[in-house]
Amino acid sequence: MKKLLLIDGNSIMNRGYYALPNTLTSPKGIHTNALLGFMNIFYKVYGEEKPTNIIVAFDVHEPTFRHKMYAEYKGTRHPMDDELREQFPIIKEILKDMGVLCVEKGGYEADDIIGTYSRQGISEGLDVTILSGDRDLLQLATDTVLVRIPKTKAGKTTVEDYYAKDVVAEYGVTPLEFIEMKGLMGDTSDNIPGVQGIGPKTASSIIQKYHSIEAALEDIDNVKPDRARKNLDENREMALFSRDLATIKLDCELDNNISDSEVGKEQIFSKKVFNIFLEYGMKSLLKRFEDVSADEDDTPKELSLDIKDIDYNELVTLINKSDAENVGLGFTLIDGDIHGAAICVDKDVYIVRGDAVRGIRKDIKSDICISLINIKEYIRYFGFSREDNLFCSSLAAYLLSPLSNNYDYSFIAAKYLDASFEDEKILMGKEVPSIFSFDMENYRKLIAYMAYTAANSKDVLKAQLDDFGLHNLYADMEYPLIFILDSMERYGVKTNKDFLMTYGEELDSRVADLTKRIYELAGEEFNINSTKQLGVILFEKLGLKSGKKTKSGYSTNVDVLNKLKDEHEIIPLILEYRSVTKLKSTYVEGLIDTIAGDGRIHSKFNQTVTATGRLSSTEPNLQNIPTRTAEGREIRRAFIPEDG
């Protein structure tokens, strides 16, 4: 009998992330707690279920059909931690290497994907098991569909099993009636409103008696307790609407069939997967593999470099005499200037002190290529030009792997040299390089790794650029752009500081006027920037209709206020107050602080950040100046084009 295992990827990753310490990292400094937690649960359930087919569903970071129904859906959730976010691309790659099908689809949540495949699995005669930490999926349980929910207690993970009868035993309602309960009690984690004043116990008792919200509404006079009756009667549409939000979709249009998800034990426990776990330092998983050991050829090797000190003139003579094919340069600024660098000649790495190294391009033969990681950071200090014989390893790696988070030496070494180097965060920690760093082993390693990786990855990267037809993109567009962006950064954007300061005073006056009018309409003074105090004023004192109240108070986000714009004249004033104060703090004050002594803003233009190939701007971001309001457009007047 075939068995389909459906896994809620986001839920299990979250569970792993919060269950295990955030100090778990790979040898390269990548966080691994969510990865390890996910794989521990995966292997436990895989061993118990022995599925023939596996699908892992993930959410996509874009609005779903529920957001179109209700803009505040999941509006109270905190943004994902960066340490968790960086692990999602990795788990997808690991699952892909295991032969496990990962599915995500814009407009749908992982729950909807799982719901759809669960019903397809039933229709195709498969046994179906769902693995998720989210009890919303209990509505999918049937007599043949098992929902398994992992729980961690006292440091141990156990799994609770629910068929339809188990849902009835615990909640007193069937899986489908569980959705009716959701409509009444709402869900604070998803920001589903429900009916105020009706919690799980009351919702359960109402649905046990009536089995549906409609049936309870038809007999509203007899609904108990009285407070629930009154609130339900006053919020009929909200109860039905909340139920619709909580209902998992069972007929998503998906690109993969269940037949695409067949996977064998030999893939789940392959040598390749073993080596991946070894690479990420998740050695506790290796004991699950029988008769599998690391293959040196498949695992990035930890290289130990022989780093020598050398006089600059001796090094120049050595390079020119040896006709070296690969020369790499690595350095980081100390107190804003160069006090030396690491130079790799083929496989040999040398440390050079002093600033004579600035002239290396003109001092060695012009036909010898110098490879670097992130050339743009070197240009102004070494005087490099577009005509020089240089190669940018990080730019080539970006074109070949545009989905990576960064293109530093540790990434390039692991991916293209099959070598493992300690990450900069591990080597330097919070250490700020100083002139004394040249005598510190970790600093010497840092710049040596940069130089070695740049020198020895050049041929591999060039070959792959040719193989994928990317040579012209690199040579004719992206490489010349490095020098254009550098000149833009150095030239800067001329900015009228006096205009910004005057405009800031105008905004201050506008804020003061708005504050006075808001206080008058509220009948008292309060902290307009406090969500809690504003919620009390709007929804308790002024009696405006609110969403569901949570432990932290009422939601007063922009979607909530936009719906109330016509309900009270205070709302448009609060929206304008927020807009004006943000303009003042973020754009006016923020831009003034970044104007240099030459009257210009020298923003950084990043070439290897976005997966789509567009540029990004930081320190400050000049691409997000508002244009939709007159006030936002006014800020743009501060940027002054030169004559001509």
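Trainee: Two strands pair if DSSP finds at least two bridges between them, so how many bridges join strand 9 to strand 10?
Mentor: Four bridges join strand 9 (residues 327-330) to strand 10 (residues 340-345), and the two run antiparallel, with Gly-330 standing opposite Ala-342 in strand 10. Strands (E, at least two residues) and helices (H or I, at least four) are DSSP runs, numbered from the N terminus. This is a predicted model, in which local features need pLDDT of at least 70 and side-chain atom pairs count only at pLDDT 80 or more, while totals for chains, interfaces and linings use all residues. Residues are numbered from 1 along each chain as its sequence is written, and side-chain values use heavy atoms, leaving out hydrogens and water.

Trainee: What order do the strands of that open sheet take?
Mentor: The six strands follow the order 8-11-10-9-12-13 with mixed pairing, and the edges are strand 8 (307-309) and strand 13 (390-392), each of which pairs on one side only.

Trainee: Switching topic, which residues touch the most other members of the largest nonpolar core?
Mentor: They are Leu-329, Ile-343, Ile-375, Phe-382 and Tyr-474, out of 70 residues, and helix 21 (residues 441-467) gives the most to this core, with 12 residues. Such a core is a set of buried Ala, Val, Leu, Ile, Met, Phe, Trp, Tyr and Cys residues joined through side-chain atoms within 4.5 Å, where buried means under 20% relative accessible area (1.4 Å probe, protein chains only).

Trainee: And what is Tyr-474 in contact with?
Mentor: Leaving aside neighbours within four places in sequence, its contacts (heavy atoms within 4.5 Å) include Phe-391, Cys-392, Leu-465 and Pro-480.

Technical notes: Buried means under 20% relative accessible area, exposed over 50%, partly exposed in between (1.4 Å probe, protein chains only). Two strands pair if DSSP finds at least two bridges between them.
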